[in-house]
Amino acid sequence: MDGLGLLYSEEEVSKAIAESRKILKRYKALKLREKLENRSPKSPVISDMPRGGQKRPDSAYENFINIISQTYQIEQCVERCEPQACIVLRQKYFSETEYRHLKLAELAGYSLSRYNDFFRLALFHFASAFLVICQY
């Protein structure tokens, strides 16, 4: 993280990387929930009949939309990263097969230490993209 030391403290970088890991680790669980809830999503019932004061929309539908938007947001943040960071993050968090870092480094053609540098940088790029997208 050569150039990041000039802009951010080591603590800020570590916090951003830790937060990125938490968000990206949730991705597979969100995708699984999306698949499970996609089997029977109920569209909202629109009727001119009075509902007896119940003005809350269908919570299952809202939950499904929330899950879809979270997964889409994570995917968009990964796409906004630099191409090399995008590839590293996709291999680690989006692929169906879970590989350890040593295998991922081997697949990418890097040594483990160099791959770990790319991985930390990719997580930092994700954190900055996530904050940019979340603010707007």
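Thr71 is buried in this predicted model, with a relative accessible area of 2%. Thr71 sits in helix α3, which covers residues 59-80, and its contacts beyond four places in sequence are Tyr27, Leu30, Lys31 and Glu34. Around that residue, the protein is built from 6 helices and 0 strands. Here is a friendly tour, starting with the helix that holds Thr71 and ending at the largest pocket.

**Helix α3 and its buried side**

- Helix α3 contains 22 residues and runs 31 Å from its first C-alpha to its last, close to the 32 Å expected at 1.5 Å a residue.
- Thr71 has company in α3, where Phe64, Ile67, Ile74, Cys77 and Val78 are also buried.
- These buried residues lie on the same side of α3, because they cover an arc of only 165° around the axis.
- For Thr71 itself, the 2% relative accessible area is under the 20% cut-off, so the residue counts as buried.

**The fold as a whole**

- Reading along the sequence gives the pattern α-α-α-α-α-α.
- The protein has 136 residues, and 26% of them count as buried.
- Of the contacts between residues at least 6 apart in sequence, 72% join residues at least 24 apart.

**Helix α4: Leu89 and Tyr93**

- Leu89 belongs to helix α4, residues 83-94, and counts as buried at 0% relative accessibility.
- Leaving out residues up to four places away in sequence, Leu89 touches Leu24, Val78, Cys81, Phe94, Phe119, Ala122, Leu123 and Phe126.
- One of those partners, Val78, is 11 residues from Leu89 in sequence, and the two C-alpha atoms are 7.0 Å apart.
- Val78 is also one of the buried residues of α3.
- Tyr93 is found in α4 as well, and at 7% relative accessibility Tyr93 counts as buried.
- Setting aside neighbours within four places in sequence, Tyr93 is in contact with Arg21, Leu24, Lys25, Tyr27, Lys28, Phe119 and Leu123.
- Tyr93 and Tyr27 are 66 residues apart along the chain, with 7.3 Å between their C-alpha atoms.
- Tyr27 also appears among the contacts of Thr71.
- Leu24, Phe119 and Leu123 are among the residues touched by Leu89, and they are also among the contacts of Tyr93.

**Helix α2: Ser20 and Glu19**

- Ser20 lies in helix α2 and is buried, with a relative accessible area of 2%.
- Not counting residues up to four places away in sequence, Ser20 touches Leu123, Phe126 and Ala127.
- Leu123 and Phe126 also turn up among the residues that Leu89 touches.
- Glu19 is another residue of α2, yet Glu19 is partly exposed, with a relative accessible area of 40%.
- That 40% falls between the cut-offs of 20% and 50%, so Glu19 is neither buried nor exposed.
- The C-alpha atoms of Glu19 and Ala127 are separated by 7.4 Å, although the two residues are 108 apart along the chain.

**The largest pocket**

- The largest pocket holds about 230 Å³ of space.
- Its lining is made up of 13 residues, and Ala16, Phe124, Ala127, Ser128 and Leu131 are the closest to the pocket centre.
- Two elements give two or more residues to this lining, namely α2 (10-38) and α6 (112-135).
- Sorted by class, the lining has 9 nonpolar, 2 polar and 2 charged residues.
- Ala127, one of the residues closest to the pocket centre, is also touched by Ser20 of α2.

Key. Residues are numbered from 1 along each chain as its sequence is written. This is a predicted model: local features need pLDDT of at least 70, side-chain atom pairs count only at pLDDT 80 or more; totals for chains, interfaces and linings use all residues. Side-chain values use heavy atoms; hydrogens and water are left out. On a 1 Å grid over the protein atoms alone, a cavity is a set of points where a 1.4 Å probe fits but cannot get out, and a pocket is an open set with protein on both sides within 12 Å along at least five of seven lines; lining residues have an atom within 4 Å of a point. Grid points are joined across faces, edges and corners, and a volume is the space filled by probe spheres set on the points. Helices (H or I, at least four residues) and strands (E, at least two) are DSSP runs, numbered from the N terminus. Ala, Val, Leu, Ile, Met, Phe, Trp, Tyr, Cys and Pro count as nonpolar, Asp, Glu, Lys and Arg as charged, and the others, Gly among them, as polar. Buried means under 20% relative accessible area, exposed over 50%, partly exposed in between (1.4 Å probe, protein chains only). Contact means heavy atoms within 4.5 Å. The expected span of a helix is 1.5 Å times one less than its number of residues. The arc is that of the directions from the helix axis to the C-beta atoms.
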